[in-house]
Amino acid sequence: MATRRSDPHKLDVAALADEAGRLAGEIDAIALERWRDMQSPPADVGAPPVRWSAHGEKRQVSGGAPQHWVHLRAAAQGWPVCQRCLQPFSTLVEIDRSFRFVPTESEAEALDTDSEDDVLAFGPSFDLIELIEDELLLAWPLVPRHERCAQPAHQGDTEPAENPFSVLANLKGRTAKP
């Protein structure tokens with residue numbers, strides 16, 4: 001049975017940082033509901049696991065309380081839809097982030113506003129897997145697209161569409177006369 005410090009769903013962040021602990025694992029991508037819902041893989045492609053690692057660090061600060069940090073790395077195969085050709089494609093989504101943890105939400109909000117650090121609040125347990133999923137979603141490409149699309153945006157032997165302004169000009173000429 002996993003201890004609270006090493007259970008990524010109920011992580012004791014302070015203990016992990018105090019011990020300079022390291023954790024690593026794999027998550028079934030299907031278990032991450034929001035991540036799974038973003039995917040558009042071909043029917044014959046399975047979902048590879050999300051690989052992750054985390055390590056804690058306790059930093060001494062002169063004149064202040066020690067700071068607790070967690071350094072997180074994760075990698076997952078994503079299947080977005082290309083916005084040019086509308087076909088799914090595979091892309092590697094990676095995370096390499098560090099988070100400073102403080103005792104309360106209000107302290108985290110105040111420090112997060114004034115600091116370049118990513119600041120989170122920790123309690124008796126913290127869900128690292130939820131943080132991994134959040135970070136994967138934030139790392140998702142804003143406008144996913146192939147570097148080079150194999151297929152044109154429109155397919156088939158159809159002629160190009162008529163210019164919409166010429167259609168309007170033709171309609172204007174057909175107005176009924178009083």
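**Cysteines, sheet and loops of the predicted model**

Cys-82 counts as buried, at a relative accessibility of 0%. This value, like those that follow, was computed from a predicted model. The cysteine sulfur closest to that of Cys-82 belongs to Cys-149, at 3.5 Å, which is too far for a bond. A second cysteine, Cys-85, lies in the loop between strand 3 (67-78) and strand 4 (91-102). Cys-85 is also buried, because its relative accessible area is 5%, and buried residues are those under 20%. For the sulfur of Cys-85, the closest cysteine sulfur is that of Cys-82, at 3.7 Å, again too far for a bond. A disulfide is a covalent bond between the sulfur atoms of two cysteines. Such a bond is assigned here to sulfur atoms within 2.5 Å, and a search of the whole structure yielded zero disulfides. Cys-85 and His-146 are 61 residues apart along the chain, and their C-alpha atoms are separated by 8.5 Å.

The loop that holds Cys-85 links two strands of a sheet. Five strands form an open sheet in the order 1-2-3-4-5, with mixed pairing. Strand 1 (22-27) and strand 5 (118-121) stand at the edges; each has a single partner strand, so one side of each is left without a neighbour in the sheet. On average, and with direction ignored, neighbouring strands of this sheet are turned by 25 degrees against each other. Strands of a sheet pair through backbone hydrogen bonds, either parallel or antiparallel. Strand 3 and strand 4 run antiparallel and are joined by eleven bridges. Within strand 4, Val-93 stands opposite Ala-76.

Helices lie across these strands. Helix 3 (residues 105-114) lies across strand 4 and strand 5, and runs at about 170 degrees to strand 5. Helix 4 (residues 128-139) lies across strand 1, strand 2 (50-59), strand 3, strand 4 and strand 5, with an angle of about 125 degrees to strand 4.

Backbone angles in the loops were also examined. Most residues other than glycine have a negative phi. Leu-86, although not a glycine, has a positive phi of about 65 degrees. Leu-86 is found in the loop between strand 3 and strand 4, the loop that also holds Cys-85. Whereas Cys-85 is buried, Leu-86 counts as exposed, with a relative accessibility of 58%. A positive phi, near 50 degrees, also occurs at Ala-20, a residue other than glycine. Ala-20 is placed in the loop between helix 1 (13-18) and strand 1.

Terms used. Residues numbered from 1 in each chain as written. Predicted model: local features only at pLDDT ≥ 70, side-chain atom pairs only at ≥ 80, totals over all residues. Heavy atoms only, no water. Helix = DSSP H or I, 4+ residues; strand = E, 2+ residues; numbered from the N terminus. Buried < 20%, exposed > 50% of the residue type's maximum accessible area, 1.4 Å probe, protein only. Pairing = 2+ DSSP bridges. Axes fitted to C-alpha atoms, helices over the stretch in contact; angles between N-to-C directions. Contact = heavy atoms within 4.5 Å.
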